[in-house]
Amino acid sequence: MAHEYKLEFRTIGSFFDEIANEINELFFEILIADDFSEETLQILFSKKNRIILKLKKRDFSLKTFKSILNGVLVQDTDNVTDSVADFQYVTEERPTAAECDDLVFANILVKHTKSNAIVLAKNGQLLGSGTGQTSRVDALKQAIAKAKSFNFELKGAVMASDAFFPFSDCVEIAHAEGIDAIIQPGGSIRDKDSIDYCNKNGMRMVFTGHRHFKH
């Protein structure tokens, strides 16, 4: 059975012909890059029904708008992308380098997920997400159920939350599933409850200070 992949390139300049030939060894339906040489295009178009897109440079709006009854809501665009340099290490144990990579990855995904949102990830792969739930616990349970429906192993995965944990319940549920590294904005009056639970159970938690709450 053929697997379908989508690959995105944002490298400066043209594709190299060698890369195009390597791409042709797999099935890629859509390719996007800043530019393509004529030689590269000939190679890429040798595959039937392939879609080639050229990336346009544009400035994104600093404001977002949402219509409501008799009006419009205006807010600043969430342009924050947290990196490891932004981490606030709040537990006794720090995440490993591999966990830090997954925490950054999961945090990017949760930023673009409808609130309340939880994302579970491991080794650069999304395992499950809980989106648009009425509580953070519901979002976590949805993410866990989704991951298990695909038989993904949650032990060693990381968890990202788009807003702070008002209680330690999400941390406790995650730990029961083998998830011991967590990223969240912090800022709850009961942050200490979650931090204390992590310290008692050998978990790692980092704060970003940036709330990615999306409706």
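Buried means under 20% relative accessible area, and exposed means over 50%. The views below come from a predicted model.

**View 1. Leucine 31 is a buried strand residue.**
Leucine 31 sits in strand 2, which covers residues 28–33. Its relative accessible area is 0%, so leucine 31 counts as buried. Isoleucine 51 is 20 residues away from leucine 31 along the chain. In space, the C-alpha atoms of these two residues are 6.4 Å apart.

**View 2. The whole chain, for orientation.**
The protein chain holds 6 helices and 11 strands. Its C-alpha trace spans about 60 × 45 × 35 Å along the principal axes. Of the 215 residues in the chain, 39% are buried. Take the contacts between residues at least 6 apart in sequence: 45% of them join residues at least 24 apart.

**View 3. The largest nonpolar core has 23 residues.**
Within this core, Ile118, Leu120 and Met159 touch the most other members. Several elements give two or more residues to the core: strand 7 (118–122), helix 4 (136–149), helix 5 (169–176), helix 6 (191–200) and strand 11 (204–207). Helix 4 gives the most, with 6 residues. In soluble globular proteins, nonpolar side chains tend to be buried together.

**View 4. Close-up on methionine 159 and the residues it touches.**
Residues up to four places away in sequence are not counted here. Methionine 159 touches Leu103, Ile118, Val119, Leu120 and Leu140. Its contacts also include Phe165, Cys170 and Ala174. Ile179, Ala181, Ile182 and Ile183 complete the list for methionine 159. Another core, of 14 residues, lies apart from the largest one. Among the members of this other core are Phe87, Val110, Ile183 and Val206.

**View 5. Helix 4 meets helix 5.**
The axes of helix 4 and helix 5 come within 9 Å. They cross at roughly 15 degrees. Angles under 35 degrees count as roughly parallel, and helix 4 and helix 5 are therefore roughly parallel to each other. Their crossing is right-handed. On the helix 4 side, the contact uses Arg136, Val137, Leu140, Lys141 and Ile144. On the helix 5 side, it uses Asp169, Cys170, Ile173 and Ala174. By class, the contact has 6 nonpolar, no polar and 3 charged residues.

**View 6. Helix 5 meets helix 6.**
The axes of helix 5 and helix 6 also come within 9 Å. Here the crossing angle is roughly 25 degrees. Helix 5 and helix 6 are therefore roughly parallel to each other. The crossing of this pair is right-handed. Helix 5 brings Val171, Glu172 and His175 to the contact. Helix 6 brings Ser194, Tyr197 and Cys198. By class, the contact of helix 5 with helix 6 has 3 nonpolar, 2 polar and 1 charged residues.

**View 7. Alanine 176 is an exposed residue of helix 5.**
Alanine 176 belongs to helix 5. Its relative accessible area is 65%, so alanine 176 counts as exposed. Lysine 155 is 21 residues from alanine 176 in sequence. C-alpha to C-alpha, alanine 176 and lysine 155 are 9.3 Å apart.

**View 8. A cis peptide bond joins serine 115 and asparagine 116.**
Omega for this bond is about -10 degrees. Asparagine 116 lies in the loop between helix 3 (97–111) and strand 7.

**View 9. Asparagine 70 has a positive phi.**
Phi of asparagine 70 is near 65 degrees, in a residue other than glycine. Asparagine 70 is placed in the loop between strand 4 (63–68) and strand 5 (71–76). Its relative accessibility is 78%, so asparagine 70 counts as exposed.

**View 10. Asparagine 123 has a positive phi.**
Phi of asparagine 123 is about 55 degrees, although the residue is not a glycine. Asparagine 123 is found in the loop between strand 7 and strand 8 (125–130). At 69% relative accessibility, asparagine 123 counts as exposed.

Notes. Residues are numbered from 1 along each chain as its sequence is written. This is a predicted model: local features need pLDDT of at least 70, side-chain atom pairs count only at pLDDT 80 or more; totals for chains, interfaces and linings use all residues. Side-chain values use heavy atoms; hydrogens and water are left out. A nonpolar core is a set of buried Ala, Val, Leu, Ile, Met, Phe, Trp, Tyr and Cys residues joined through side-chain atoms within 4.5 Å. Buried means under 20% relative accessible area, exposed over 50%, partly exposed in between (1.4 Å probe, protein chains only). Helices (H or I, at least four residues) and strands (E, at least two) are DSSP runs, numbered from the N terminus. Contact means heavy atoms within 4.5 Å. Axes are lines fitted to C-alpha atoms, for helices over the stretch in contact, and angles run from 0 to 180 degrees between N-to-C directions. Angles under 35 degrees count as roughly parallel, over 145 as roughly antiparallel, 65 to 115 as roughly perpendicular and the rest as oblique. A crossing is left-handed if the near helix is turned anticlockwise from the far one by less than a right angle, and right-handed if clockwise. Ala, Val, Leu, Ile, Met, Phe, Trp, Tyr, Cys and Pro count as nonpolar, Asp, Glu, Lys and Arg as charged, and the others, Gly among them, as polar.
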